[in-house]
Protein chains: 2
Amino acid sequence: MTQLLDVRKMNILRAIVDDYILTAAPVGSRTLSKRDDIELSPATIRNEMSDLTELGFLEQPHTSAGRIPSEKAYRLYVSNIMDRAKLTDDEAEYIKAHLQRRVSEVGDVIKETARMLSGITKYTSIVQMPHLKNARLKHISLIPVTTGSALAVVVTNSGATNSTMLNVPSGITSDHLEKITSLMNERLAGYKLVDVQKTLLPMLREEVGEQADSVAAMLGSLSDDIDRQDYEVVGAANMLDYPEYSDVSKARSFLTELERGEIFKEVLSDGSGVELTVRIGTENDNPELKDCSVITICYRVGGEQVGSMAVIGPTRMDYEKVVAVLKCMSESLSSVLSGMLLSSPDGGRNE
Amino acid sequence: MTQLLDVRKMNILRAIVDDYILTAAPVGSRTLSKRDDIELSPATIRNEMSDLTELGFLEQPHTSAGRIPSEKAYRLYVSNIMDRAKLTDDEAEYIKAHLQRRVSEVGDVIKETARMLSGITKYTSIVQMPHLKNARLKHISLIPVTTGSALAVVVTNSGATNSTMLNVPSGITSDHLEKITSLMNERLAGYKLVDVQKTLLPMLREEVGEQADSVAAMLGSLSDDIDRQDYEVVGAANMLDYPEYSDVSKARSFLTELERGEIFKEVLSDGSGVELTVRIGTENDNPELKDCSVITICYRVGGEQVGSMAVIGPTRMDYEKVVAVLKCMSESLSSVLSGMLLSSPDGGRNE
DNA sequence: TGTTAGCACTCACTCTCTCCGAGTGCTAAT
DNA sequence: ATTAGCACTCGGAGAGAGTGAGTGCTAACA
């Protein structure tokens with residue numbers, strides 16, 4: 001990387017990206033030469049810019065305009081600021097404090113996270129609700145609601161719960177229902193929900209004697225519910241503030257795509273394992289995001305990754321700030337959630 | 001009303017509103033005279049238009065432009081189309097069919113309702129989740145989750161459930177917790193949740209012997225949860241298709257206001273009792289909605305009103321269509337929900 | 001007396017043209 | 001290797017002119 005571009009080119013490129021992030025306008029050689037950190041004449045800078053254009057780091061909207069950074073330039077830029085990105089202690093404190101005020105419901109904490117994320121960055125934020133796949137089943141309760149339905153409450157060792165309405169087939173007696181419940185608790189407790197869903201529930205289906213089919217359907221819908229994923233999206237309207245979206249039809253298609261909801265899967269999915277991902281422009285699978293960058297980070301409860309969050313902004317977003325905020329937010333959210341969910345002695349570590 | 005404006009004026013006014021709803025452009029006398037339903041010369045129409053302007057039904061953006069309807073005109077227009085508004089049987093069938101495909105979870109039905117509402121009208125839709133205030137408590141279960149917390153599951157006679165995580169004060173034994181639960185069930189079952197919340201829970205607090213304060217806090221948070229209201233908003237991006245919002249800053253402030261969430265309270269609140277409400281332009285309390293019209297209708301479960309839904313569009317929205325769709329949707333949703341929630345013999349009527 | 005034709009006037013829009021300036025690339029001097 | 005100088009490019013802002021949809025008034029008409 002360093003051998004690819006000499007120091008002077010690097011400086012110029014960084015300066016261009018910095019400037020373009022700020023102004024959204026093509027950057028010219030004169031503008032750059034006025035900067036304190038570049039002590040070169042416009043002509044020299046022009047030569048360097050010409051080189052950078054040839055190397056694919058800069059683009060020219062039209063002949064008589066300045067240069068704008070290419071995706072390649074952002075890539076390089078991002079890899080350089082990555083370690084530099086850090087919030088001041090004050091800002092970090094602020095985030096932590098605000099998040100901790102809202103500690104009654106998990107959903108509220110997630111909402112507040114999304115709100116702060118978009119509030120601070122001025123971009124669009126998406127925060128995933130924590131999923132339970134890796135949590136271990138503690139027990140399942142079935143609460144009869146009407147004669148035709150019952151509420152299944154799944155309690156995990158991480159303290160999180162999830163409840164689904166199940167259709168109870170009319171032929172099933174409450175005795176039978178109790179038997180099924182205790183069978184489930186006996187056989188499934190202690191296993192990860194993802195395993196319960198994928199292998200154990202199907203196995204169990206076969207064991208159920210009478211009414212096997214309808215019980216299977218019931219267990220199936222319980223299984224489906226574990227997959228259910230929800231997201232909080234905040235700050236979509238922020239995008240309208242950027243000249244990139246001053247064209248209403250662009251804004252429209254972005255918002256529509258956001259509402260469609262498919263974005264979330266693409267954006268948040270493969271974050272598993274990786275701490276932080278930056279996807280710039282066309283690196284995003286979704287063509288609707290080709291002028292956007294998406295930065296994703298995951299958060300944890302008790303060391304186990306349970307969800308992720310992302311910030312979506314124009315490709316010329318303030319990467320440094322967004323990375324810094326996301327890092328801090330991920331830490332804060334992880335600790336707040338861990339505090340909420342693992343408060344009891346028996347709700348401890350997963351591994 | 002009829003004596004206020006003679007038939008010819010009424011016809012002209014209606015034609016202007018119709019045309020303006022379609023085109024969003026000021027309507028001129030020549031355009032009107034070309035219509036089949038108005039057989040007058042432009043000059044005559046001009047005279048009538050002049051009168052209508054004086055009477056406050058029409059406005060003129062500038063001297064050499066046509067006329068646009070005033071809020072007063074929309075009011076009159078709406079009161080006239082109100083009974084006319086009706087969907088074809090096909091459309092009604094379509095709505096009902098689509099809604100019934102999604103009958104697993106109440107939340108999904110509400111989402112689908114919102115989606116269809118904005119899909120058909122091309123405006124923004126808000127649908128309130130059904131509230132439980134008027135449902136009667138059947139029983140409460142407390143499921144221990146960790147030593148510090150329990151999940152309270154509230155089951156009502158309408159079959160709907162609601163669950164909240166409660167902090168269980170550390171001093172309370174599981175014996176004590178059981179006692180509290182059975183005390184609650186004994187004393188509160190059969191009452192409306194709104195009464196449970198407002199008068200019965202506070203009374204109960206005083207009766208709890210030991211640990212009164214912390215139990216009270218627990219009951220308090222249970223009570224808070226009954227008030228919790230959620231909404232589904234769909235189609236905000238639709239507004240960008242209308243020339244009214246081709247100004248990005250207007251679109252931006254509308255979307256921001258929508259995200260802030262206060263709108264919902266204002267929009268959906270006082271629908272109680274009234275079947276259908278039309279609020280035009282400045283009739284809305286929220287100044288952000290002064291260029292919008294909001295049509296609200298409530299929906300019921302088993303005859304009892306449990307929520308409402310609204311469509312927000314520009315003041316020149318297609319009132320007839322929106323009213324018709326809302327009426328149909330309210331009926332369909334009411335019947336689907338009633339079917340879902342009241343399916344059991346003992347989950348019947350509330351009154 | 002209500003309706004219509006005719007006419008002068010208004011005014012937002014669109015189109016064209018020009019001008020301006022920021023920016024480039026090349027060449028020659030340092 | 002760097003820089004000053006210069007000719008050239010091209011988008012965008014601004015000024016005018018022309019267009020046309022629309023009005024209001026007046027006078028003629030049925």
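In this predicted model, chain B can be laid on chain A with an RMSD of 0.1 Å, using a turn of 180° and a shift of 0.0 Å along the axis. That makes it the relation of a two-fold axis. In chain B, Val248(B) has the C-alpha nearest the axis, at 3.4 Å from it. The two copies also use the same surface, since 100% of the contact residues of chain B recur in chain A.

Next comes the inside of the protein. In soluble globular proteins, nonpolar side chains tend to be buried together. Here, the largest nonpolar core has 81 residues, and the ones with the most contacts inside it are Ile295(B), Met309(B) and Tyr319(B). Helix 12 of chain B, running over residues 319–341, hands in the largest share of this core, with 12 residues. Another core lies apart from it and counts 59 residues, including Ala15(A), Val278(A), Val306(A) and Val336(A).

Tyr319(B), already met in the largest core, turns up again among the aromatic rings. A pair of rings is described by the distance of the centres and the angle of the planes. Over all chains, the whole structure holds 10 aromatic pairs. One of them joins Tyr74(B) and Tyr319(B), a tilted pair with 5.7 Å from centre to centre and 45° between the planes. Tyr74(B) belongs to helix 4 (residues 71–81) of chain B and Tyr319(B) to helix 12 of chain B, so this pair ties together parts that are 245 residues apart in sequence. Are these two rings buried or exposed? Tyr74(B) counts as buried at 3% relative accessibility, and Tyr319(B) is buried too, with a relative accessible area of 0%.

A further tilted pair is formed by Tyr231(B) and Phe264(B), with their centres 5.0 Å apart and 40° between the planes. Tyr231(B) sits in strand 7 (residues 231–234) of chain B, while Phe264(B) sits in helix 11 (residues 262–268) of chain B, so parts 33 residues apart in sequence get tied together. Phe264(B) counts as buried, at 9% relative accessibility. Over in chain A, ring pairs link Tyr74(A), Tyr77(A) and Tyr319(A) into a cluster.

Rings can have charged partners as well. In chain A, Lys72(A) lies over the face of Phe57(A), 4.7 Å from the ring centre. In chain B, the charged end of Lys72(B) sits over the ring of Phe57(B), at 4.7 Å from its centre.

Then there are the charge-to-charge contacts, with 28 salt bridges found over all chains. In one of them, the side chains of Glu244(A) and Arg316(A) meet at 2.5 Å, N to O. Which parts of chain A does this pair bring together? Glu244(A) is in the loop between strand 7 (231–234) and helix 10 (248–260), and Arg316(A) is in the loop between strand 10 (304–314) and helix 12 (319–341), so the pair ties together parts that are 72 residues apart in sequence. Glu244(A) is partly exposed, with a relative accessible area of 21%; buried means under 20%, so Glu244(A) at 21% does not make that cut. Arg316(A), at 6% relative accessibility, counts as buried.

Chain B offers a salt bridge between Asp51(B) and Lys9(B), whose closest N and O atoms are 3.3 Å apart. This one links distant parts of the chain: Asp51(B) is in helix 3 (residues 42–54) of chain B and Lys9(B) is in helix 1 (residues 7–23) of chain B, 42 residues apart. Asp51(B) is partly exposed, with a relative accessible area of 33%, whereas Lys9(B) counts as buried at 11% relative accessibility. In chain A, a network of salt bridges links Asp6(A), Arg8(A), Lys9(A), Glu48(A) and Asp51(A).

Not every salt bridge reaches across the chain like that. Glu257(B) and Arg260(B) meet through their side chains in a salt bridge of 2.9 Å, N to O. Both lie in helix 10 (residues 248–260) of chain B, 3 residues apart, which is about one turn of the helix. Glu257(B) counts as buried, at 10% relative accessibility, but Arg260(B) is exposed, with a relative accessible area of 52%.

Note on methods: Residues numbered from 1 in each chain as written. Chains lettered and ligands numbered in written order. Predicted model: local features only at pLDDT ≥ 70, side-chain atom pairs only at ≥ 80, totals over all residues. Heavy atoms only, no water. Core = buried A, V, L, I, M, F, W, Y, C linked by side-chain atoms within 4.5 Å. Buried < 20%, exposed > 50% of the residue type's maximum accessible area, 1.4 Å probe, protein only. Helix = DSSP H or I, 4+ residues; strand = E, 2+ residues; numbered from the N terminus. Salt bridge = Lys/Arg side-chain N within 4 Å of Asp/Glu carboxyl O. Least-squares fit on C-alpha atoms with pLDDT ≥ 70 in both. Contact = heavy atoms within 4.5 Å. Phe/Tyr/Trp six-rings, centres within 6.5 Å; stacked < 30°, edge-to-face > 60°. Lys NZ or Arg CZ within 6 Å of the ring centre and 35° of its normal.
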